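The exercises below are to be worked with the sequence and the coordinates open. Each task is followed by a solution in steps.

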Amino acid sequence: MRIGEIAALVGVTSRAVRHYHHIGLLPEPARQANGYRAYTVRDAVLLARIRRLTEIGLSLDEVRDVLADDAGRDLAEVLGELDADLARQEREIHERRQVLAALLEAPLASDGPFSPALATLLENAPATASPAAAKDREHLALLDAAGGGAGAEVFAALRPLAEDPGVLALYTRLDELAGAGADDPRIAPLAAELVAAVPDEVLAVIPDGEPAPAGFGRVLLDDYPPAQREVVRRVMVALAERVRGRKA
């Protein structure tokens, strides 16, 4: 058989056969006097096996392991790994569909979509036109997107605080510092009240070393003007101390 004939017999393309030769997966047969490769039934059986293995999801490297001699891995081992990987993908797809179902049940925000945990938090927060509150919302959305689901516990713990109408007055005072300097006398008392407003339940789910005015915290701080930045920095430092105190 020539290359086109064996390819048609097995149901692959001639290009695929040449690729398998190139990567050493399918040995090249001897050439006839006219220069054409002469394929045998044995070559066709091997090519058919390669096709079957790739169709069930094995990579070419895994196919090579299966086809190898004594040094290769057993087919059952490779298929077991493939089954475990497919099961993992199935779980991930199920989890993603659950998230999508929750999102579809609630009105989609213009700056969303958010995770179900953050969507619930924002839905129950009092309406406000505060720029500082809007900035907090942006930061929570960033945490939601970057956290890979890690923020769900934090969002759930923040809900009582978000629902407290008294927080709006703190946002108003923070807004009033938009044009102030970093030495404004209103900074210290406002930072202290903000720290006191954070319930212990939130601290219980904050990772060690957070919040911190470095790394991700530095990115958030740079988003504020001087006086507001100093307020938020003091809040971060004080909350980090409270977290360490709880875990000491």
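A salt bridge is a side-chain nitrogen of Lys or Arg within 4 Å of a carboxyl oxygen of Asp or Glu. The model in which this criterion is applied is a predicted one.

**Exercise 1. Salt bridges around E28**

Task: Determine which residues are linked with E28 in a network of salt bridges, and state how exposed E28 is.

Solution:
1. Start with R37, which forms a salt bridge with E28; the closest N and O atoms are 3.0 Å apart.
2. Next take R31, whose side chain meets that of E28 in a salt bridge at 4.0 Å, N to O.
3. Joining the two pairs gives a network of salt bridges made of E28, R31 and R37.
4. Now add the accessibilities. E28 is partly exposed, at a relative accessible area of 46%, and R31 is also partly exposed, at 48%. R37 is buried, with a value of 18%, since the limit for buried is under 20%.
5. For the whole structure, the number of salt bridges is 12.

**Exercise 2. A salt bridge within one helix**

Task: Work out how R88 and E92 are placed in helix 5 and what their side chains form.

Solution:
1. Helix 5 covers residues 75-105, and R88 and E92 are four residues apart in it.
2. An α-helix has 3.6 residues a turn, so residues three or four places apart point the same way.
3. R88 and E92 are therefore separated by about one helical turn.
4. Their side chains meet in a salt bridge, with an N to O distance of 3.0 Å.
5. Both ends are partly exposed: R88 has 33% relative accessibility, and E92 has a relative accessible area of 37%.

**Exercise 3. A buried charge without a partner**

Task: Find which side chain of opposite charge is nearest to D43, and list what D43 touches beyond its sequence neighbours.

Solution:
1. D43 is found in helix 3, residues 41-55.
2. D43 is buried.
3. The nearest side chain of opposite charge is R42, 7.0 Å away. A salt bridge requires nitrogen and oxygen within 4 Å, and D43 has no salt bridge.
4. Not counting residues up to four places away in sequence, D43 touches I6, L26, P29 and A38.

**Exercise 4. Charges over rings**

Task: Identify which rings R2 and K135 lie over, then give the count of aromatic pairs.

Solution:
1. R2 lies over the face of Y36, 4.0 Å from the ring centre.
2. The charged end of K135 sits over the ring of Y224, at 5.5 Å from its centre.
3. For aromatic pairs, the ring centres must lie within 6.5 Å; the count is zero.

**Exercise 5. Buried sides of two helices**

Task: Establish which residues of helix 9 and of helix 6 are buried, and on which side of each helix they lie.

Solution:
1. In helix 9, residues 166-175, the buried residues include V167, L170, Y171 and L174.
2. These residues cover an arc of only 100 degrees around the axis, so they are on the same side of helix 9.
3. In helix 6, L118, A119, L121 and L122 are buried.
4. Their arc around the axis is only 160 degrees, which puts them on the same side of helix 6.
5. A117 also lies in helix 6, residues 116-123, but is partly exposed, with a relative accessible area of 26%.
6. Leaving aside neighbours within four places in sequence, A117 is in contact with A152 and F155. The C-alpha atoms of A117 and F155 are separated by 6.1 Å, although the two residues are 38 apart along the chain.

**Exercise 6. From one residue to the chain**

Task: Decide whether Q228 is buried or exposed, list what Q228 is in contact with, and describe the chain as a whole.

Solution:
1. Q228 is in helix 13, residues 226-247.
2. At 5% relative accessibility, Q228 counts as buried.
3. Outside its neighbours within four places in sequence, Q228 is in contact with L174, D175, L177 and A178. Of these, L174 is one of the buried residues of helix 9.
4. The chain has 13 helices and zero strands.
5. Of the 248 residues in the chain, 30% are buried.
6. Among contacts with a separation of 6 or more, 61% are between residues 24 or more positions apart.

Definitions and conventions. Residues are numbered from 1 along each chain as its sequence is written. This is a predicted model: local features need pLDDT of at least 70, side-chain atom pairs count only at pLDDT 80 or more; totals for chains, interfaces and linings use all residues. Side-chain values use heavy atoms; hydrogens and water are left out. Rings of Phe, Tyr and Trp (its six-membered ring) pair if their centres lie within 6.5 Å; planes under 30 degrees apart count as stacked, over 60 as edge-to-face and the rest as tilted. A charge sits over a ring if NZ of Lys or CZ of Arg is within 6 Å of the ring centre and within 35 degrees of the ring normal. Buried means under 20% relative accessible area, exposed over 50%, partly exposed in between (1.4 Å probe, protein chains only). The arc is that of the directions from the helix axis to the C-beta atoms. Contact means heavy atoms within 4.5 Å. Lys and Arg count as positive and Asp and Glu as negative; His and the chain ends are not counted.
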